[in-house]
Amino acid sequence: MVIGGGGHYPVGDSHSLGIGPVYFMGMHVLLAEDDRQLQRQLAEQLTQFGHQVETADDGLGALAIIGQKAFDIVILDWMMPGVDGSPCCASCAKGA
């Protein structure tokens, strides 16, 4: 499922580093979360910040999607059915 996408959004102020405001362009995000209500809420919030969000209901689904597409960031629930976030993360790191 793809939700939203695109844009420049200020997410912080790094004047203390002398580099001005920090901006992130709309990122392609994979959100793996088995709690459907939390998944929906997080996806909506990320979309409001201009990110394109795809979702997976578990670790196996996340790995299948990661094998087909590139993402700027992957957000994993730590405890999911099938494959938990930790082994899913390790599998992603091996494939990088």
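Student: How much of this protein counts as buried?
Tutor: Of its 96 residues, 27% count as buried. Keep in mind that this is a predicted model.

Student: OK, and how much accessible surface does the protein have?
Tutor: About 6000 Å², and carbon and sulfur atoms account for 58% of that.

Student: Switching topic: how many helices and strands are there?
Tutor: You'll find three helices and six strands. Starting at the N terminus, the order is β-β-β-β-α-β-α-β-α.

Student: What share of the contacts comes from residues 24 or more positions apart?
Tutor: That share is 54%, counting contacts with a separation of 6 or more.

Student: Now salt bridges. How many are there?
Tutor: The count is three. Let's go through them.

Student: Sure. Which residue does Arg36 pair with?
Tutor: Arg36 pairs with Asp57, and their closest N and O atoms are 3.2 Å apart. This salt bridge links distant parts of the chain: Arg36 belongs to helix 1 (residues 36-48), while Asp57 is in the loop between strand 5 (52-56) and helix 2 (59-66). The two are 21 residues apart.

Student: Is Arg36 buried or exposed?
Tutor: Exposed, because its relative accessibility is 54% and the cut-off for exposed is over 50%. Asp57 has 33%, so Asp57 counts as partly exposed.

Student: What about Arg40, which partner does that one have?
Tutor: Arg40 forms a salt bridge with Glu44, again with 3.2 Å between the closest N and O atoms. Both residues sit in helix 1, four residues apart, which is about one turn of the helix.

Student: And why does Arg40 count as partly exposed?
Tutor: Because its relative accessibility is 43%, and partly exposed covers the range between under 20% and over 50%. Glu44, at 39%, counts as partly exposed too.

Student: Which side chain does Glu54 meet in a salt bridge?
Tutor: Glu54 meets Lys69, at 2.9 Å from N to O. Here, too, distant parts of the chain are linked: Glu54 is in strand 5, and Lys69 is in the loop between helix 2 and strand 6 (73-76). They are 15 residues apart.

Student: Is Glu54 buried or exposed?
Tutor: Buried, because its relative accessible area is 5% and anything under 20% counts as buried.

Student: So how accessible is Lys69, its partner?
Tutor: Lys69 has 38% relative accessibility, so Lys69 counts as partly exposed. In that pair, then, Glu54 is buried, whereas Lys69 is partly exposed.

Note on methods. Residues are numbered from 1 along each chain as its sequence is written. This is a predicted model: local features need pLDDT of at least 70, side-chain atom pairs count only at pLDDT 80 or more; totals for chains, interfaces and linings use all residues. Side-chain values use heavy atoms; hydrogens and water are left out. A salt bridge is a side-chain nitrogen of Lys or Arg within 4 Å of a carboxyl oxygen of Asp or Glu. Buried means under 20% relative accessible area, exposed over 50%, partly exposed in between (1.4 Å probe, protein chains only). Contact means heavy atoms within 4.5 Å. Accessible areas come from the Shrake-Rupley method with a 1.4 Å probe; for residues, only the protein chains shown count as cover.
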